[in-house]
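Please look over the charged side chains of this structure and the surroundings of one polar side chain. The briefing below is arranged by topic.

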Amino acid sequence: MGAGEDSPPNWPVNHRSGSLRWEKLAQNGGWLVMGVIVLVGLLGGWGGGPLSDATARDVGSGLAIEYDRFSRATGQNDLRLRVPVPNGAETVAVLVSASYLSDNQVESLDPEPSEVTASEGSVRFDFLVGEGAEVDVTFDLAPQGAGARSGWVSVPGGDRVEFWQFVYP
């Protein structure tokens, strides 16, 4: 036996304990990485869980949005808005950033807007309202490509509610 080899005296195969330590370290590191990936997935880091579900709001106007921080390019992505209805109003308007809409294809919109107007930097959606304190609006979106994106939503006269998403390929 040469220097650096510590085989027990009666073992039929020579081995180096140093290489076995590195192999064990690599194996344990692999298990750790796999465990972290599974944990992040269970918490919603890959979409659909506590890390993914997010809410943002403008306290002044009462506008609230719910969205997924993480989604897939091949999946569907919902943007849900709760829009307060001013007393006596027959319509409410919502402004959505044009850059965010260009990153997503609008599959459906519930309820249907009575009017849609595009301007520089935003798209305005007007909705007829009935009785109630707020209107729930749902955009069903299909992401167009992968990567990080940001957007904003506001009501006329209110502050922008900004948000970001990451779309996995």
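What follows covers the salt bridges and then a single asparagine. The model is a predicted one, and a count of the salt bridges in it comes to three. Glu66, Arg80 and Arg82 are linked in a network of such bridges, while Asp126 and Arg124 meet in a salt bridge as well.

**The network around Glu66**

- Arg80 forms a salt bridge with Glu66, in which the closest N and O atoms lie 3.4 Å apart; this pair links distant parts of the chain, since Arg80 belongs to strand S4 (residues 77–84) and Glu66 to strand S2 (residues 64–68), with their positions 14 residues apart in sequence.
- The side chain of Arg82 also meets that of Glu66 in a salt bridge, with an N to O distance of 2.5 Å; Arg82 lies in strand S4 and Glu66 in strand S2, so this pair ties together parts that are 16 residues apart in sequence.
- Glu66 is partly exposed, with a relative accessible area of 26%, and Arg80 is likewise partly exposed, with a value of 26%.
- Arg82 is partly exposed, its relative accessible area being 24%, which means that its value falls between the limits of 20% and 50% that bound this class.

**The pair Asp126 and Arg124**

- The side chains of Asp126 and Arg124 come together in a salt bridge, for which the N to O distance is 3.0 Å.
- Are the two partners buried or partly exposed? Asp126 is buried, with a relative accessible area of 9%, whereas Arg124 is partly exposed at 32%.
- Asp126 counts as buried because its relative accessible area of 9% is under the 20% limit for that class.

**Asn77 and its surroundings**

- Asn77 has its place in strand S4, the strand in which Arg80 and Arg82 are also found.
- With a relative accessibility of 0%, Asn77 counts as buried, whereas Arg80 is partly exposed and Arg82 is partly exposed too.
- Which side chain makes a polar contact with the side chain of Asn77? The partner is the side chain of Gln165, at a distance of 3.3 Å.
- Leaving aside residues up to four places away in sequence, Asn77 touches Asp68, Ser71, Tyr100, Asn104, Phe139, Asp140, Leu141, Pro143 and Gln165, so that Gln165 appears both among these contacts and as the polar partner of the Asn77 side chain.

Notes:
Residues are numbered from 1 along each chain as its sequence is written. This is a predicted model: local features need pLDDT of at least 70, side-chain atom pairs count only at pLDDT 80 or more; totals for chains, interfaces and linings use all residues. Side-chain values use heavy atoms; hydrogens and water are left out. A salt bridge is a side-chain nitrogen of Lys or Arg within 4 Å of a carboxyl oxygen of Asp or Glu. Helices (H or I, at least four residues) and strands (E, at least two) are DSSP runs, numbered from the N terminus. Buried means under 20% relative accessible area, exposed over 50%, partly exposed in between (1.4 Å probe, protein chains only). A polar contact is a pair of N or O atoms within 3.5 Å; within protein, one must be able to donate a hydrogen and the other to accept it, and residues adjacent in sequence count only if both atoms are side-chain atoms. Contact means heavy atoms within 4.5 Å.
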